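Let's take a look at where the ligand sits and at what empty space is left inside the protein. Here is the structure to follow along with.

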Amino acid sequence: MELVTGYVMQPIQDVFPLLRSPKKIFITTHHKPDGDAIGSMMALYHYLTKKGHHVTAVSPSEMPDFLAWMPGAALALNYEAQPTESLEGLASADLIICADFNDFNRTKHLEQALADATQPKILIDHHLFPKPVWDYGMSIPEKSSTCEMVYDFINLYGDNSLIDLDIAACLYTGVMTDTGSFKFPITTASVHTMVADLLGRGLDHTRIHEEVYDSWSENRMRFLGYVLIEKMEVFRKYNSALISLSRKDQNLFKSQNGDTEGLVNYPLSISGIRFATLITERSDEVKLSFRSKGNFDVSAFAKNYFDGGGHFNASGGRTKTSFIETIAYFKKILSDIHPQ
Ligand code: 5GP
Ligand code: MN
């Protein structure tokens, strides 16, 4: 007898009949959204609006400044600042689309509202092990980014010609940020084929790199210098490095929302360092970000020890214990498991 343990959503193609007439569509992404989160949400926003639907896009928390230039970004609601409008959008929606996360708890304050919603729920995401709560969707961990999957979704619908420069800019941003500017092993030929298509439409990719990576405040640059000198510990024995930032550290240099973005990657540029961790103290929890090079699976690490998950080489988790206790717990695990 065959044991069926896998959770199977209906394929995304089964959503197409539902989209034949104009619908009210609610789209959301994860808390503390990154380039792929906002890029995929806004690309879907533009595409579905163009198709005649009425779309409400809600970010569970504030969008970082380095993404505020994105076409239509001002049209997205921020749940933390606009909870009433956001929940109205959810309540009146015919369909719900979730992009770039696979567990309602990744939306933080929207978790319960999404769990309670009775409308059909559609998932477009590339994280491992989706929770069995979506009716339709695509969950493909081999994909570079949710933006690449939104591109596939549009093509599957036969709408390649509807990809305009706004949609292209959103899609490019997510693929660029989730692949580390086309560096990570997940950067497949299909990524470059997609990018070639977007550039063929006249997309100004240099401007996007500048908006995302070269638009730092002077304070942010000095904050990085401080962090690397004062806050980074290197554990050669374990090929690992740790950056830990208390609330107080984060308030130095007038740090802004988004200023800690990407910090976790810096230690991986040290020769021989294969595992990097960033521990940040937040008001209600301690957040951990993990990155690796090579074959240390940080998704399993986050899942096993820090109530988290993510991808093989990039993951995150959290604790409810104190910042100091979290650092001690992390170091104990490091000495127990000896990452290689
Ligand atoms: P970050 O360190 O940028 O917060 O997260 C890195 C990657 O891991 C992202 O793709 C993010 O979606 C995922 N991730 C971060 N935290 C969690 C978590 O608590 N659970 C799961 N399943 N994935 C996470
Ligand atoms: Mn992503």
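## Polar contacts of the ligand

In this predicted model, the side chain of His127 puts an N or O atom 2.7 Å from an oxygen atom of ligand 1. Arg291 does something similar with its side chain: an N or O atom there lies 3.0 Å from an oxygen atom of ligand 1. The backbone joins in too, with a polar backbone atom of Gly309 at 3.1 Å from a nitrogen atom of the ligand.

How much of ligand 1 does the protein cover? On its own, ligand 1 has 490 Å² of accessible area, and the protein covers 85% of that.

## The shell around it

Ligand 1 is surrounded by 14 residues, and Arg106, His127, Lys287, Ser289 and Arg318 are the closest. By type, the shell splits into 9 polar residues, 4 charged ones and 1 nonpolar one.

Three strands each give at least two residues to this shell: strand 11 (286–292), strand 12 (309–310) and strand 13 (314–319). Strand 13 has the largest share, with 5 residues.

## The cavity

Now for the empty space. Just 1 cavity of 30 Å³ or more turns up in the structure, and the largest cavity has a volume of about 40 Å³.

What kind of residues line the largest cavity, nonpolar, polar or charged? The lining has 9 nonpolar residues, with no polar and no charged ones. They are Ile12, Val15, Leu19, Ile25, Leu95, Ile97, Ile122, Ile124 and Phe153. Strand 5 (95–99) and strand 6 (121–125) each contribute at least two residues to that lining.

Methods: Residues are numbered from 1 along each chain as its sequence is written. Chains are lettered from A and ligands numbered from 1 in the order in which they are written. This is a predicted model: local features need pLDDT of at least 70, side-chain atom pairs count only at pLDDT 80 or more; totals for chains, interfaces and linings use all residues. Side-chain values use heavy atoms; hydrogens and water are left out. A residue is near a molecule or strand if one of its heavy atoms lies within 4 Å of it. A polar contact is a pair of N or O atoms within 3.5 Å; within protein, one must be able to donate a hydrogen and the other to accept it, and residues adjacent in sequence count only if both atoms are side-chain atoms. Accessible areas come from the Shrake-Rupley method with a 1.4 Å probe; for residues, only the protein chains shown count as cover. Helices (H or I, at least four residues) and strands (E, at least two) are DSSP runs, numbered from the N terminus. Ala, Val, Leu, Ile, Met, Phe, Trp, Tyr, Cys and Pro count as nonpolar, Asp, Glu, Lys and Arg as charged, and the others, Gly among them, as polar. On a 1 Å grid over the protein atoms alone, a cavity is a set of points where a 1.4 Å probe fits but cannot get out, and a pocket is an open set with protein on both sides within 12 Å along at least five of seven lines; lining residues have an atom within 4 Å of a point. Grid points are joined across faces, edges and corners, and a volume is the space filled by probe spheres set on the points.
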